[in-house]
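The following exercises concern the structure shown below. Please attempt each task before reading its solution.

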Amino acid sequence: MATDETKPEARTPYDALGGAPAFRTIVDRFYDLMDSDPAYARLRDMHGTDLAPMRDALASFLGGWAGGPREWFEANPGRCMFSIHGGFPIDAETGGQWAEAMERAIADADIDDRALAGQLSERLSMMARGMARNAQDA
Ligand code: HEM
């Protein structure tokens with residue numbers, strides 16, 4: 001009889017993408033790019049000097065969002081990702097920088113299921129670009 005482990009439909013995107021190590025790799029590459037590529041200077045300036053806490057927070061958030069351990073959500077009950085970002089002056093340029101750095105980080109990651117990696121990239125890119133507001137609306 002099939003167990004949950006052997007049923008493909010029981011696997012979460014988190015598992016299929018490679019679990020905690022895959023999310024850590026993507027997030028580390030994302031912040032390395034943000035920290036080193038001058039194309040993301042405006043986005044980098046919005047963040048604190050030390051990116052280490054962000055590396056932990058984003059890896060934990062994305063893992064839980066993809067069906068993995070829900071540590072970030074348990075540590076931040078009721079906290080909404082879009083509300084958190086409401087205080088940041090996100091415009092089309094910086095939203096696009098976030099999206100592009102994340103697309104590159106996912107493209108660089110050694111993930112077997114490239115179709116699922118592509119979906120992750122597309123969803124996150126849409127969410128980041130969707131956070132942009134016109135300056136007069138902020
Ligand atoms: C899908 C899109 C995004 C996701 C999933 C995401 C996720 C996160 C997470 C998990 C945190 C940490 C919250 C905490 O634990 O306190 C955070 C903070 C932050 N995010 Fe995002 N974010 C996204 C898009 C963006 C965009 C588009 C920008 C700017 C253009 C941005 C700028 C920031 C900044 C400035 C912080 C605070 C950093 C700091 O305290 O040093 N984020 N984000």
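**Exercise 1. The iron atom**

Task: Determine which protein residue is the donor to the iron atom of the ligand, and state where that residue lies in the chain.

Solution: In this predicted model, the iron atom of the ligand has a single donor from the protein. That donor is H85, through its atom NE2, at 2.0 Å. To place H85, consult the helices on either side: H85 lies in the loop between α6 (81-84) and α7 (92-108).

**Exercise 2. The overall fold**

Task: Describe the secondary structure of the protein chain, how much of the chain is buried, and what share of its contacts with a separation of 6 or more joins residues 24 or more positions apart.

Solution: Begin with the count, which gives 8 helices and 0 strands. Read along the sequence, the pattern is therefore α-α-α-α-α-α-α-α. Next, consider burial: 36% of the 138 residues count as buried. Finally, among contacts with a separation of 6 or more, 70% are between residues 24 or more positions apart.

**Exercise 3. The pair α2 and α4**

Task: Classify the arrangement of α2 and α4, and identify the residues that make their contact.

Solution: First, take the geometry. Helix α2 covers residues 19-36 and helix α4 covers residues 52-65; their axes are 9 Å apart and the packing angle is about 135°. Because angles over 145 degrees are needed for a roughly antiparallel pair, α2 and α4 are classed as oblique to each other. The handedness of their crossing is right-handed.

Second, list the contact. From α2 come F23, R24, V27, D28, F30, Y31 and D32, while α4 supplies M54, R55, D56, L58, A59, L62 and G63. Sorted by character, the residues of this contact comprise 8 nonpolar, 1 polar and 5 charged.

**Exercise 4. Two residues of this contact**

Task: Are V27 and L58 buried or exposed, and which residues outside their sequence neighbourhoods do they touch?

Solution: V27 belongs to helix α2. Its relative accessibility is 0%, so V27 counts as buried. Beyond four places in sequence, V27 is in contact with R55, L58, A59 and L62. The C-alpha atoms of V27 and A57 are 9.6 Å apart, although 30 residues separate the two along the chain.

L58 belongs to helix α4. Its relative accessibility of 10% falls under the 20% limit, and L58 therefore also counts as buried. Setting aside residues up to four places away, L58 touches V27, F30, Y31, W98 and M102. From L58 to F23 the C-alpha distance is 8.9 Å, with a sequence separation of 35 residues.

**Exercise 5. The pair α7 and α8**

Task: What is the relative orientation of α7 and α8, and which residues meet between them?

Solution: The axes of α7 and helix α8 (residues 114-130) come within 8 Å and cross at roughly 170°. The two helices are therefore roughly antiparallel. On the side of α7, the residues are G95, G96, W98, A99, E100, M102, E103, I106 and A107; they meet R114, A117, L120, S121, L124, S125, A128 and R129 of α8. This contact contains 9 nonpolar, 4 polar and 4 charged residues.

**Exercise 6. A residue of α5**

Task: State how F73 is classed by accessibility and which residues it contacts.

Solution: F73 is located in helix α5, residues 71-75. Because its relative accessibility is 22%, F73 counts as partly exposed. Apart from neighbours within four places in sequence, F73 is in contact with F61, G64 and W65.

Technical notes
Residues numbered from 1 in each chain as written. Predicted model: local features only at pLDDT ≥ 70, side-chain atom pairs only at ≥ 80, totals over all residues. Heavy atoms only, no water. Axes fitted to C-alpha atoms, helices over the stretch in contact; angles between N-to-C directions. Helix = DSSP H or I, 4+ residues; strand = E, 2+ residues; numbered from the N terminus. Parallel < 35°, antiparallel > 145°, perpendicular 65-115°, else oblique. Left-handed = near helix turned anticlockwise from the far one by under 90°. Contact = heavy atoms within 4.5 Å. Nonpolar A, V, L, I, M, F, W, Y, C, P; charged D, E, K, R; others polar. Donors = N, O, S within 2.8 Å, 3.2 Å for Na, K, Ca; no water. Buried < 20%, exposed > 50% of the residue type's maximum accessible area, 1.4 Å probe, protein only.
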